[in-house]
Amino acid sequence: MKEKILKTLSQHFDGLMALIYPYFCVVCGEELNQKSEHFCFSCEEDLHFTYFEKYDDYSIADQVFWGRLKIENVYSLLYYEGPTSTREILHDIKYNEGTDLAHFMGRMMGNRLKSHPKYADINAIVPIPIHSKKEFSRGYNQSLLIANGVSEELGIPVVDALQRKTHDESQTRKSKDERYQNVKGKFALKEKKLQDYNHILIVDDVLTTGSTLEFASRAIFEGGGNVKVSLGTLAVAH
Ligand SMILES: [Zn+2]
């Protein structure tokens, strides 16, 4: 009886909260019913999924790193091009205090990674760090929030193994070459952080030229991290 009353009260409370703070779909802006998180049913169905978790051979995300360095597997949850939904998600995560959304998308990614044996032996998740000045102005590191969501689904820890060496300028206006130079040598492996692990997943929000993820991986190899490296991003540009 007591449980039933509590349940009824909590349902009323959720309803009341939705009246006071209604939630809206990230993509189409429709008001959400209580069962939906971040997306209405049809927008969630229409997300631009890559389905890389169903691939047995390589994907376009793997190809980004060919001839550059040895990466085990590269996973991306969504395509960046095409419908605008992916851009809306990334924008919300970066600029609209989308902390819950980042975590939710991380769980969505983790859930799909679980279904492929290629990722079964990963035993730590490493977020791409942002410089503390940027984290301070934004209030959070989106890669860490995504990593937390992945970690929750896979049941393996997030290890804060990388540090960014200097503050770099915003990359958005730079050409591919300039961007490459800009991130070169910007990461370092923290000492003894990865000694208990043998296959890690480095997590970031989006894969474009791959330079950030390449240099994060290099920092791990050059810093003596004796691990296999896979990469996971919410989106891939192709
Ligand atoms: Zn919608």
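This is a short tour of a predicted model, with a suggestion at each stop for what to select next.

**The whole chain**

Begin with the cartoon view. The chain carries nine helices and six strands. Colour by accessibility if your viewer allows: of the 238 residues, 44% count as buried. Among contacts between residues at least 6 apart in sequence, 75% join residues at least 24 apart, and several of the stops below show links of that long-range kind.

**The zinc site**

Now select the zinc ion together with C25, C28, C40 and C43. The SG atoms of these four cysteines are the protein donors, lying 2.3 to 2.4 Å from the ion. Along the chain, the donors follow the spacing C-x2-C-x11-C-x2-C. What is the arrangement of the four donor atoms around the zinc ion? It is tetrahedral, because the angles they subtend run from 101 to 117 degrees, and tetrahedral requires all angles to lie between 85 and 135 degrees.

Stay here and pick C25 and C43. C25 sits in the loop between α1 (2-20) and α2 (41-45), while C43 belongs to helix α2, 18 residues away. C25 has a relative accessibility of 4%, so it counts as buried; C43, at 13%, counts as buried too.

**The aromatic cluster**

Next, show the side chains of F52, Y55, Y75, Y79 and Y119, which form one aromatic cluster. The structure holds seven aromatic pairs. One of them is F52 with Y55, an edge-to-face pair at 5.2 Å centre to centre and 70 degrees between the planes. Is F52 buried or exposed? With a relative accessible area of 3%, F52 is buried, whereas Y55, at 28%, is partly exposed.

Move on to Y75 and Y119, another edge-to-face pair, with centres 6.0 Å apart and planes at 80 degrees. This pair links distant parts of the chain: Y75 is in strand β1 (residues 74-79) and Y119 is in the loop between α5 and β2 (124-127), 44 residues apart. Both Y75 and Y119 are buried.

**Two arginines over rings**

Keep the aromatic side chains on display and add R112 and F49. The charged end of R112 sits over the ring of F49, 3.9 Å from its centre. Then select R87 and Y80: R87 lies over the face of Y80, at 5.8 Å from the ring centre.

**N73 and its contacts**

Step to N73, in the loop between α3 (60-63) and β1. Its relative accessible area is 10%, so N73 is buried. Which residues does N73 touch, not counting those up to four places away in sequence? They are D62, K118, Y119, H199, V229, S230 and L231. Y119 is a familiar name here, as a member of the aromatic cluster.

**The nonpolar core**

Finish with the largest nonpolar core, which has 58 residues. To find your way in, select helix α5 (residues 99-113), which gives the most to this core, with seven residues. M105 and I202 are the residues with the most contacts inside the core.

Centre the view on I202 and expand the selection to its surroundings. Leaving aside neighbours within four places in sequence, I202 is in contact with V126, I128, L213, A216, S217, I220, V229, S230, L231 and G232. V229, S230 and L231 also appeared among the residues that N73 touches, which makes them a handy route back to the previous stop.

Definitions and conventions:
Residues numbered from 1 in each chain as written. Heavy atoms only, no water. Core = buried A, V, L, I, M, F, W, Y, C linked by side-chain atoms within 4.5 Å. Buried < 20%, exposed > 50% of the residue type's maximum accessible area, 1.4 Å probe, protein only. Helix = DSSP H or I, 4+ residues; strand = E, 2+ residues; numbered from the N terminus. Contact = heavy atoms within 4.5 Å. Phe/Tyr/Trp six-rings, centres within 6.5 Å; stacked < 30°, edge-to-face > 60°. Lys NZ or Arg CZ within 6 Å of the ring centre and 35° of its normal. Donors = N, O, S within 2.8 Å, 3.2 Å for Na, K, Ca; no water. Tetrahedral: all angles 85-135°; square planar, octahedral: opposite > 155°, others 65-115°.
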